[in-house]
Amino acid sequence: MAIGGKTLTVYLAADVSKLRSGLNSADRSLSGFGDKLNRMVGPALIGAAAAAGTFAVAMAVDGVQAAIQEEAELAKLSTTLDNLGFGAQTEAVNGFIDELQYSAGVADSTLRPAFSRLLTSTNDVTQSQKLLQLALDVSAGTGKSLETVTNALGKAYDGNLGALGKLGAGIDASTIKSKDLNGALDQLSTTFSGQAATAAGTLQGQMKILGIAFDELKESFGT
């Protein structure tokens, strides 16, 4: 028993000694690998962290500016709606414009003043929404800016159909001369129907929509 016990003790000690030696060797290997990995990856991580920090600062600065501009534009539109007696529809109008910017690929910062221009002439929220959608079609089909088209439509509602003739949209001279507003609008609808949706579906249109989404993210970040 004594011999067996001593022998057993010796073998256990030898095994533990090998285990410790193996662990120490593994630890040295891992440490060496960690040092190498740190030398290789460390600068990249530092660079990535710096880039992330720069991006965050840029997002913060641009985002705050975008949020301030957004607030000013919303306030201006809200005031117009209030002045014309449509204050109760402010939320619905903002929702309409928010959805329209993604379906048409035109930023809300462009849509709001266009809608306001039409509303001041029509004094009708629903009609202004329809006209804004028509204006987007005409703008996409003619290459004219949305501001130019909405100004022409607004003037037409004010009685000056000559402004529509300058769009190069193919409206009959007789229609303009007779000041047939409904006839002119029908011609525009027939000629340019679906142009805005088609433009939004192109690669260029999709990139614009992506840019709009990123701008909205910046505004939220800034807020």
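These notebook entries record what I looked up in a predicted model.

**Entry 1: helix 3**

I began with helix 3, which runs over 108-122. I noted that helix 3 has 15 residues and spans 20 Å from its first C-alpha to its last. That figure is close to the 21 Å expected at 1.5 Å a residue.

I then listed the buried positions of helix 3: Asp108, Leu111, Arg112, Ala114, Phe115, Ser116, Leu118, Leu119, Ser121 and Thr122. I kept a general point beside this list: an α-helix has 3.6 residues a turn, so residues three or four places apart point the same way.

**Entry 2: the residue after helix 3**

What follows helix 3, and with which sign of phi? I found Asn123 there, with a positive phi near 55°. Asn123 is a residue other than glycine, and it sits in the loop that leads from helix 3 to helix 4 (125-142). I recorded a relative accessibility of 44% for Asn123, and therefore entered it as partly exposed.

**Entry 3: another positive phi**

I looked up Lys179 next. Lys179 is not a glycine, yet its phi is positive, at about 55°. I placed Lys179 in the loop between helix 7 (173-177) and helix 8 (181-192). Is Lys179 buried or exposed? I entered Lys179 as exposed, because its relative accessible area is 56% and the cut-off for that class is over 50%.

**Entry 4: Ser128 in helix 4**

I turned to Ser128, which belongs to helix 4. Its relative accessibility is 0%, so I counted Ser128 as buried. Which residues does Ser128 touch, leaving out those up to four places away in sequence? I found Phe115, Leu118, Leu119 and Thr122. I checked these four against my list for helix 3: Phe115, Leu118, Leu119 and Thr122 are buried there.

**Entry 5: salt bridges**

I noted first that side chains of opposite charge can pair when their charged atoms come close. How many salt bridges does the structure hold? I recorded 4.

I took the pair of Glu70 and Arg112 to begin with; their side chains meet at 3.0 Å, N to O. Glu70 lies in helix 1 and Arg112 in helix 3, so that this salt bridge links distant parts of the chain, 42 residues apart. I entered Glu70 as buried, because its relative accessible area is 14%. Arg112 is also buried, with a value of 6%.

I then found Arg112 in a salt bridge with Glu73, the closest N and O atoms lying 2.8 Å apart. Glu73 is in helix 1 and Arg112 in helix 3, so this pair ties together parts 39 residues apart in sequence. I recorded both Glu73 and Arg112 as buried.

I looked up Asp158 as well, which forms a salt bridge with Arg117 at 3.7 Å between the closest N and O atoms. I placed Asp158 in the loop between helix 5 (146-157) and helix 6 (162-165), and Arg117 in helix 3; this pair links distant parts of the chain, 41 residues apart. Asp158 has 52% relative accessibility and so counts as exposed.

Which residues join Glu70 in a network of salt bridges? I wrote down Glu73, Asp108 and Arg112.

**Entry 6: the largest pocket**

I recorded a volume of about 300 Å³ for the largest pocket. Its lining has 16 residues, and those closest to its centre are Ala104, Val106, Ala140, Ala199 and Lys208. Which elements give two or more residues to this lining? I found helix 4, helix 9 (195-201) and helix 10 (203-222). By class, I entered 9 nonpolar, 6 polar and 1 charged residues for the lining of the largest pocket.

**Entry 7: the second largest pocket**

I recorded about 190 Å³ for the second largest pocket. Of its 15 lining residues, I noted Ala66, Gln69, Ser109, Asp215 and Glu219 as those nearest its centre. Helix 1 (2-83), helix 3 and helix 10 each supply at least two residues of this lining. Which helix gives the largest share? I found helix 1, with 6 residues. By class, I entered 3 nonpolar, 4 polar and 8 charged residues for the lining of the second largest pocket.

Definitions and conventions:
Residues are numbered from 1 along each chain as its sequence is written. This is a predicted model: local features need pLDDT of at least 70, side-chain atom pairs count only at pLDDT 80 or more; totals for chains, interfaces and linings use all residues. Side-chain values use heavy atoms; hydrogens and water are left out. Buried means under 20% relative accessible area, exposed over 50%, partly exposed in between (1.4 Å probe, protein chains only). Contact means heavy atoms within 4.5 Å. On a 1 Å grid over the protein atoms alone, a cavity is a set of points where a 1.4 Å probe fits but cannot get out, and a pocket is an open set with protein on both sides within 12 Å along at least five of seven lines; lining residues have an atom within 4 Å of a point. Grid points are joined across faces, edges and corners, and a volume is the space filled by probe spheres set on the points. Ala, Val, Leu, Ile, Met, Phe, Trp, Tyr, Cys and Pro count as nonpolar, Asp, Glu, Lys and Arg as charged, and the others, Gly among them, as polar. The expected span of a helix is 1.5 Å times one less than its number of residues.
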